[in-house]
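Colleague: Please take a close look at how oppositely charged side chains are paired in this model, and then follow the chain outward from there to the neighbouring topics. I should be grateful for an account that a first-year student can check against the picture.

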Amino acid sequence: MPVESERPVPAASPVIGEAEIEAAVRVLRSGRVVQGPEVAAFEEEFSALVAGRHCVAVNSGTSALHLSMMALGIGPGDEVIVPSFTFAATANVVRLVGAEPVFVDIEPGSFCVDPDAVAAAVGPRTAAIMPVHLYGHPAAMDRVGAIAERHGLAVVEDACQAHGAAHGGTPVGALGTIGCFSFYPTKNMHALEGGMITTADAETARTLRLLRNQGMEQRYANEIVGANVRLTDVAAAIGRVQLGRLPGWTERRIANARFLDAKITGAAVPPVAPGVRHVYHQYTVRVSGDRDAFQRRLDERKVGSAVYYPTPVHRLTPFLKDGAPDPRWDLPETERAAAEVLSLPVHPSLADDELARVADAVNAAGAAS
């Protein structure tokens, strides 16, 4: 058991340092605080992370996904294939444009969408596929992309948890028609709040810029119906600082994950598919038996943990049919993952002794199960 003097090991630890504070103050003093030079610079610098694609900054990852649906013209009568094992925003944005999510199962190893399930779900109303690079592990984009090409479908990458991840040497956000990132405080990098949309198509990028700014490129010259989902320059300045730190933080996350891989015996450690770069937004193990009791044992040792996600999206209230899960969605791997997953501390702020405490706590909890 831990001694009283031991500090808790948090499941996540957002970094807000002096450089971020100084960047925010600098922008506030400049008076240019919304959709100004900091946003433009952030977009240009983020482009290097996604193989030079056009980048459009918005106020959240959810807005990035939502505007992507709008820019692709997806709406009533359309279907979008999505995993159910994800955060609700993935499916919410499909409903927000009047389309319907078609839920498919995941691969047991990567926790990402199963390409065979995707292929089986394509129908006459399918407009797009939205793979999620869950926990920082890229989806099988080679196979998903081949399915999309065969049927003439758009691919919207939900890369909100996967900054710097790669599949076959190509960074996520540069593998589909559009890529979407989040800068929420617990992500691998943040801007306090914000999002980024990436695309290789210049016309799509222009449409996205119109959509984020009330349909205007020139003030009061509205070209289309848009929204106000702009990113502030304060957020962009913080994001630029974080982006500069991302490579080092990513290497630390990977090193932390390798340490845990080698030390943990009390739970099933996360596998990594060949040819991918997993950036460990979450280090997610599988727990057999009573997960709640397992978590309580970690809590007793002051080791944080979290469940992402306890309820598959197709079982959430907005997606039920007549008060029950739609019988079309038979997703055994999704159900199993939701019952077994547990995410452990892996963030770059962890000290070596804290990592050792995580592994020891997991092994002790597993031995007691």
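Modeller: Let us begin with Glu333, which counts as partly exposed at 23% relative accessibility. The model is a predicted one, and every value in this account is to be read in that light. The side chain of Glu333 meets that of Arg336 in a salt bridge, with 3.2 Å from N to O. Arg336 is also partly exposed, because its relative accessibility of 34% lies between the limits of 20% and 50%. Both residues belong to helix α10, where they are 3 residues apart, about one turn of the helix. An α-helix has 3.6 residues a turn, so residues three or four places apart point the same way. Side chains of opposite charge can pair when their charged atoms come close.

How many salt bridges does the structure hold? The number is 18. One of them joins Glu6 and Arg357, whose closest N and O atoms are 3.8 Å apart. Glu6 lies in the segment before α1 (18-30), whereas Arg357 is in helix α11 (residues 352-368); with their positions 351 residues apart in the sequence, the pair links distant parts of the chain. The two partners fall into separate exposure classes: Glu6, at 26% relative accessibility, is partly exposed, while Arg357, at 15%, is buried because that value is under 20%.

A further salt bridge is formed by Arg125 and Glu79, the closest N and O atoms being 3.6 Å apart. Arg125 stands in the loop between α5 (115-121) and β4 (126-129), and Glu79 in strand β2 (residues 79-83), so this pair ties together parts that are 46 residues apart in sequence. Here the arginine is partly exposed, with a relative accessible area of 41%, and the glutamate is buried, with 14%. Salt bridges may also be joined to one another: Arg26, Glu38, Glu45 and Arg240 are linked in a network of them.

Strand β2, which holds Glu79, leads us to helix α4. The residues Ala89, Thr90, Ala91, Val93 and Val94 of α4 are buried. What covers them includes β2, together with α3, β3 (100-104) and β5 (154-158). The contact with α3 deserves a closer reading. Two packed helices are described by the angle between their axes and the distance between the axes. For α3 (residues 61-71) and α4 (residues 89-96), the angle is about 40° and the axes are 9 Å apart. The crossing of these two helices is right-handed. On the α3 side, the contact is made by Thr62, Leu65, His66 and Met69; on the α4 side, by Ala89, Thr90, Val93, Val94 and Leu96. Which classes of residue make up this contact of α3 with α4? There are 6 nonpolar and 3 polar residues, and no charged ones. After α4 comes Gly98, which has a positive phi near 90°.

The sign of phi brings us to the loops. Most residues other than glycine have a negative phi, and most peptide bonds are trans. Gln214 has a positive phi, near 60°, and is not a glycine. Gln214 sits in the loop between α7 (202-212) and α8 (233-263), and is partly exposed, with a relative accessible area of 34%. Tyr220 likewise has a positive phi, about 70°, and is found in the loop between α7 and α8. Is Tyr220 buried or exposed? Tyr220 is exposed, because its relative accessible area of 65% is over 50%. As to the peptide bond, the one that joins Tyr308 and Tyr309 is cis, with omega about 20°. Tyr309 lies in the loop between α9 (291-300) and α10 (332-340), and α10 is the helix of Arg336 and Glu333, with which this account began.

One further element may be traced in the picture. An open sheet is formed by 3 strands in the order β7-β6-β10, with antiparallel pairing. Its edge strands are β7 (170-171) and β10 (276-277), each of which pairs on one side only. Between β6 (residues 166-167) and β10 there are 2 bridges in the antiparallel sense, and Ala166 has Arg277 of β10 as its bridge partner.

Terms used. Residues numbered from 1 in each chain as written. Predicted model: local features only at pLDDT ≥ 70, side-chain atom pairs only at ≥ 80, totals over all residues. Heavy atoms only, no water. Helix = DSSP H or I, 4+ residues; strand = E, 2+ residues; numbered from the N terminus. Buried < 20%, exposed > 50% of the residue type's maximum accessible area, 1.4 Å probe, protein only. Axes fitted to C-alpha atoms, helices over the stretch in contact; angles between N-to-C directions. Left-handed = near helix turned anticlockwise from the far one by under 90°. Contact = heavy atoms within 4.5 Å. Nonpolar A, V, L, I, M, F, W, Y, C, P; charged D, E, K, R; others polar. Salt bridge = Lys/Arg side-chain N within 4 Å of Asp/Glu carboxyl O. Pairing = 2+ DSSP bridges.
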